[in-house]
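Grab a pencil and open the structure viewer. Here are some short exercises, each followed by a worked solution.

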Amino acid sequence: MKGNRKPYSENEFLLNSLQSARLELHEAANLFNELTDSDAIDYASYNLLAARTRYSYLLKLAKEKQLSL
């Protein structure tokens, strides 16, 4: 029943994105901590940096809008 879903507000979208980014960051950290192959570690470190940057950016936006987490 896709027609019955109300559209997200901008704040709801930001909070959902922040929750998704937090999960992505947690998963990236877990992957980085479990790897032993140097090429895989390189990939995981870039992935972790990207996830951390995305989360920090979304957190900054949420704070600017004074949204409670």
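**Exercise 1. Charges and surface**

Task: work out how many positive and negative side chains the protein has, and how far apart the centres of the two sets lie.

Solution. Start with the counts: there are 9 positive and 9 negative side chains. Next, take the centre of each set; the two centres lie 13 Å apart. Keep in mind that this is a predicted model, so every value here is computed from it. To finish, look at the outside: the accessible surface comes to about 5600 Å², and carbon and sulfur atoms hold 53% of that.

**Exercise 2. Overall build**

Task: list the helices and strands, then decide whether the protein is a compact globule or more spread out.

Solution. Count the elements: 2 helices and 0 strands. Now compare radii. The globule rule gives 11 Å for 69 residues, while the radius of gyration of the protein is 16 Å, well over that, so the protein is more spread out than a compact globule. For the dimensions, the C-alpha atoms fill a box of roughly 45 × 35 × 15 Å along the principal axes. As for burial, 20% of the 69 residues count as buried. Finally, check who touches whom: among contacts with a separation of 6 or more, 61% are between residues 24 or more positions apart.

**Exercise 3. Checking the helix lengths**

Task: find out how the end-to-end spans of H1 and H2 fit with 1.5 Å a residue.

Solution. Take H1 to begin with. This helix covers 10-34 and has 25 residues. Its first and last C-alpha atoms are 36 Å apart, close to the 36 Å expected. Then do H2, residues 38-64. With 27 residues at 1.5 Å each, the expected span is 39 Å, and the end C-alpha atoms are 39 Å apart, which agrees. If you tried multiplying by the residue count directly, note that the expected span uses one less than the number of residues.

**Exercise 4. What the helices bury**

Task: name the buried residues of H1 and of H2, and say what they pack against or are covered by.

Solution. In H1, the buried set is Leu 14, Ser 17, Leu 18, Ala 21, Leu 25 and Ala 28. These pack against H2. In H2, the buried set is Ala 44, Leu 48, Ala 51, Tyr 55, Leu 58, Leu 59 and Ala 62, and their cover includes H1.

Zoom in on Ser 17, which sits in H1. Its relative accessibility is 13%, so Ser 17 counts as buried, the cut-off being under 20%. Leaving out residues up to four places away in sequence, Ser 17 touches Arg 54 and Leu 58.

**Exercise 5. Across the helix pair**

Task: for Leu 31 and Thr 53, say whether each is buried, partly exposed or exposed, and give a C-alpha distance for each.

Solution. Leu 31 lies in H1 and, at a relative accessible area of 31%, is partly exposed. Tyr 43 is 12 residues away along the chain, with 10.0 Å between the C-alpha atoms. Leu 31 touches Tyr 43, Ala 44 and Asn 47, once residues up to four places away are set aside.

Thr 53 belongs to H2 and has 48% relative accessibility, so Thr 53 counts as partly exposed. Between Thr 53 and Leu 25 there are 9.2 Å, C-alpha to C-alpha, with a sequence gap of 28 residues.

**Exercise 6. The end of H2 and just past it**

Task: describe Glu 64, Lys 65 and Gln 66 in terms of exposure, and find the one with a positive phi.

Solution. Glu 64 is in H2 and is exposed, with a relative accessible area of 53%. Its C-alpha is 17 Å from that of Thr 53, 11 residues apart along the chain.

Step on to Lys 65, in the segment after H2. Here the relative accessible area is 37%, which makes Lys 65 partly exposed. Lys 65 and Asn 11 are 54 residues apart along the chain, yet their C-alpha atoms are separated by 8.3 Å. Beyond its neighbours within four places, Lys 65 contacts Glu 10, Asn 11 and Leu 14.

Gln 66 is also found in the segment after H2. Gln 66 is not a glycine, but has a positive phi of about 55°. With 72% relative accessible area, Gln 66 is exposed.

Conventions: Residues numbered from 1 in each chain as written. Predicted model: local features only at pLDDT ≥ 70, side-chain atom pairs only at ≥ 80, totals over all residues. Heavy atoms only, no water. Helix = DSSP H or I, 4+ residues; strand = E, 2+ residues; numbered from the N terminus. Buried < 20%, exposed > 50% of the residue type's maximum accessible area, 1.4 Å probe, protein only. Contact = heavy atoms within 4.5 Å. Rg over C-alpha atoms; globule rule 2.2 N^0.38 Å. Areas by Shrake-Rupley, 256 points an atom, 1.4 Å probe, with all protein chains shown as cover. Lys, Arg positive; Asp, Glu negative; His and termini not counted. Charge placed at Lys NZ, Arg CZ, Asp CG, Glu CD.
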